[in-house]
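Here are some short exercises to work through with the structure open beside you. Try each task on your own before you read the solution.

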Amino acid sequence: MAVIRSIRGGTAGLNEEERLTIARLLIKAGYSVKIGYRVIPGNTKGKKEYIVEYWEKGEKP
């Protein structure tokens, strides 16, 4: 499984439309995709890290 990260407010920020576009392209390429977020560990401000996880079909996430 691989992860594409986007930290909100950071220099690598991706908006929702960009994350959906990436997910669509990965699905067309034959991958299974999960879009979500997680709180960045150790961040006292509770910033979220938006992620696009993908893996080959048949592989467990």
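## Exercise 1: A residue after the last strand

Lys57 sits in the segment that follows S3. The model you are looking at is predicted.

**Task.** Decide whether Lys57 is buried or exposed, and find which residues Lys57 touches, not counting those up to four places away in sequence.

**Solution.**
- Step 1. The relative accessibility of Lys57 is 57%. Exposed means over 50%, so Lys57 counts as exposed.
- Step 2. Leaving out residues up to four places away in sequence, Lys57 touches Gly30, Tyr31 and Ser32.
- Step 3. Now try a distance: Lys57 and Val33 are 24 residues apart along the chain, and their C-alpha atoms are separated by 9.2 Å.

## Exercise 2: The overall plan

**Task.** Work out how many helices and strands the protein has, and in what pattern they follow along the sequence.

**Solution.**
- Step 1. Counting the elements gives one helix and three strands.
- Step 2. Reading along the sequence, you meet them in the pattern β-α-β-β.
- Step 3. For the whole protein, 18% of the 61 residues are buried.
- Step 4. Take the contacts between residues at least 6 apart in sequence: 45% of these join residues at least 24 apart.
- Step 5. The protein exposes about 4,700 Å², and carbon and sulfur atoms supply 52% of that area.

## Exercise 3: The two sides of the helix

**Task.** Find which residues of H1 are buried, and which are exposed on the other side of H1.

**Solution.**
- Step 1. H1 covers residues 16–28, and its 13 residues reach 18 Å from the first C-alpha to the last, close to the 18 Å expected.
- Step 2. The buried residues of H1 are Arg19, Ala23 and Leu26. They cover an arc of only 65 degrees around the axis, so they lie on the same side of H1.
- Step 3. A general rule helps here: an α-helix has 3.6 residues a turn, so residues three or four places apart point the same way.
- Step 4. On the other side of H1, the exposed residues are Glu17, Arg24, Leu25 and Lys28.
- Step 5. Look at the ends too. Asn15 caps the N-terminal end of H1, with a side-chain oxygen 3.1 Å from the backbone nitrogen of Glu17. Just after H1, Gly30 has a positive phi of about 100 degrees.

## Exercise 4: Partners between strands

**Task.** For Ser32 in S2 and Glu53 in S3, find what each one touches beyond four places in sequence.

**Solution.**
- Step 1. Buried means under 20% relative accessible area. Ser32 has 18%, so Ser32 is buried; Glu53 has 11%, so Glu53 is buried too.
- Step 2. Ser32 touches Glu53, Tyr54, Trp55 and Lys57.
- Step 3. Glu53 is in contact with Met1, Ala2, Val3, Ser32, Val33 and Lys34.
- Step 4. Val39 is also in S2, and its contacts beyond four places in sequence are Gly46, Lys47 and Lys48. The C-alpha atoms of Val39 and Tyr50 are separated by 8.7 Å.

## Exercise 5: Confidence

**Task.** Find where in the protein confidence is lowest and where it is highest.

**Solution.**
- Step 1. The mean pLDDT of the protein is 81, with 85% of its residues at 70 or more.
- Step 2. Confidence is lowest in S1 (residues 2–7), at a mean of 75, and highest in H1, at 92.

Note on methods: Residues are numbered from 1 along each chain as its sequence is written. This is a predicted model: local features need pLDDT of at least 70, side-chain atom pairs count only at pLDDT 80 or more; totals for chains, interfaces and linings use all residues. Side-chain values use heavy atoms; hydrogens and water are left out. Helices (H or I, at least four residues) and strands (E, at least two) are DSSP runs, numbered from the N terminus. Buried means under 20% relative accessible area, exposed over 50%, partly exposed in between (1.4 Å probe, protein chains only). Contact means heavy atoms within 4.5 Å. Accessible areas come from the Shrake-Rupley method with a 1.4 Å probe; for residues, only the protein chains shown count as cover. The expected span of a helix is 1.5 Å times one less than its number of residues. The arc is that of the directions from the helix axis to the C-beta atoms. A polar contact is a pair of N or O atoms within 3.5 Å; within protein, one must be able to donate a hydrogen and the other to accept it, and residues adjacent in sequence count only if both atoms are side-chain atoms. pLDDT is the predictor's confidence in each residue, from 0 to 100.
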